[in-house]
Amino acid sequence: MKSLKDFYDDTAEQWAELWYKNETMLPVLQEFLNCFLKKPIILDLCCGTGYESMRLKGLGAEVIGIDFSEKSIDIAKKKNKDICFFVEDIFNDYSYIGKVDGVVFLAGLVHISENQIYKVVENLDKVLKKDGFILISSKIGNGLMQTKRIVEGIEYERPFYGYTIQQVTNYLSNDYSLIKVIDGEPDWFNIILKKKG
Ligand SMILES: C[S@@+](CC[C@H](N)C(=O)[O-])C[C@H]1O[C@@H](n2cnc3c(N)ncnc32)[C@H](O)[C@@H]1O
């Protein structure tokens, strides 16, 4: 069976085709950027082909994008010459990017199991400044919802997890406070958390 990374490499063009023109997340991104008093540096974690990075930049932020899919990052770079993108696994240390004021983690948590969350947060914590903000958008649910996906007859590993807002805020409660829940798509939540000073 092919891996999750293969899935995003092989389908990168379709995601770009679908989402560069879909502005569903724009009001949520705007509300997130309203948290900052001056032009922030935002890390787009699991940025895919860079469509939300593009929107964040358009709304006035400096943006850095990270994703482990080379094909996705190739597209992101071609479409956004003024944004820095890195091919990186979020389970690796990426503190070489420097410090950021905010992190958006949009539909990335869906591929992270409960017992892996601490590692993602540990890495994210190294780059996010004190008093910084995180926007998390994720599927509402209770645990593993899917394990694989078949595209054009090819089977891919694609674990997909649902969480509740309560679960996510509990995982992060030592270092982060929930400050806002933003309405979004049905079955998805958008939350903003603030890193404790
Ligand atoms: C559902 S897509 C979300 C893309 C985009 N953030 C959005 O909101 O539409 C999940 C993304 O997470 C990336 N991803 C999954 N696991 C990853 C990992 N361990 N490290 C880096 N990127 C990962 C995939 O390559 C894919 O681009």
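Reader: OK, so two strands count as paired if DSSP finds at least two bridges between them. How many bridges do strand 2 and strand 3 have here, then?

Author: This is a predicted model, and in it strand 2 (residues 62-67) and strand 3 (residues 84-87) pair over 4 bridges, in the parallel sense. One facing pair is isoleucine 64 and cysteine 84, the latter in strand 3.

Reader: What kind of unit do strand 2, helix 5 and strand 3 make?

Author: A right-handed β-α-β unit, with helix 5 covering residues 70-79.

Reader: Let's zoom out. How many strands form the sheet, and in what order?

Author: The sheet is open and has 7 strands, ordered 3-2-1-4-5-9-8, with mixed pairing. Strand 3 and strand 8 (176-182) are the edges, each pairing on one side only. On average, neighbouring strands in this sheet are turned by 20° against each other, ignoring direction.

Reader: Mixed, huh. Where's an antiparallel bit?

Author: Look at strand 5 (residues 128-139) and strand 9 (residues 188-195), which pair in the antiparallel sense over 7 bridges. Isoleucine 136 has isoleucine 191 of strand 9 as its bridge partner, and serine 138 sits opposite phenylalanine 189 in strand 9.

Reader: And how do strand 4 and strand 5 run?

Author: Parallel, joined by 6 bridges. Glycine 102, for instance, faces phenylalanine 133 in strand 5. Going from strand 4 to strand 5, the chain passes through helix 6 in a right-handed β-α-β crossover.

Reader: What does helix 6 touch on the sheet?

Author: Helix 6 (residues 117-127) packs there against strand 1 (41-45), strand 4 (100-106) and strand 5, and its direction makes about 140° with that of strand 5.

Reader: Which strands does helix 7 lie across?

Author: Helix 7 (residues 165-172) lies across strand 5, strand 8 and strand 9, and runs at about 20° to strand 9.

Reader: Switching topic: how many residues surround the ligand?

Author: There are 19, and the closest are Tyr8, Cys46, Gly48, Phe68 and Leu106.

Reader: How does that shell divide into nonpolar, polar and charged?

Author: The shell around the ligand has 11 nonpolar residues, 5 polar and 3 charged.

Reader: Last one, the whole protein. How many helices and strands does it have?

Author: It has 7 helices and 9 strands. Its radius of gyration is 16 Å, close to the 16 Å the globule rule gives for 197 residues, so the protein is as compact as a globular protein of that length.

Reader: What does the C-alpha trace span?

Author: About 50 × 40 × 30 Å along the principal axes.

Notes:
Residues numbered from 1 in each chain as written. Predicted model: local features only at pLDDT ≥ 70, side-chain atom pairs only at ≥ 80, totals over all residues. Helix = DSSP H or I, 4+ residues; strand = E, 2+ residues; numbered from the N terminus. Right-handed = clockwise from strand over helix to strand, strands pointing away. Near = placed C-beta within 6 Å. Nonpolar A, V, L, I, M, F, W, Y, C, P; charged D, E, K, R; others polar. Axes fitted to C-alpha atoms, helices over the stretch in contact; angles between N-to-C directions. Contact = placed C-beta atoms within 7 Å. Rg over C-alpha atoms; globule rule 2.2 N^0.38 Å.
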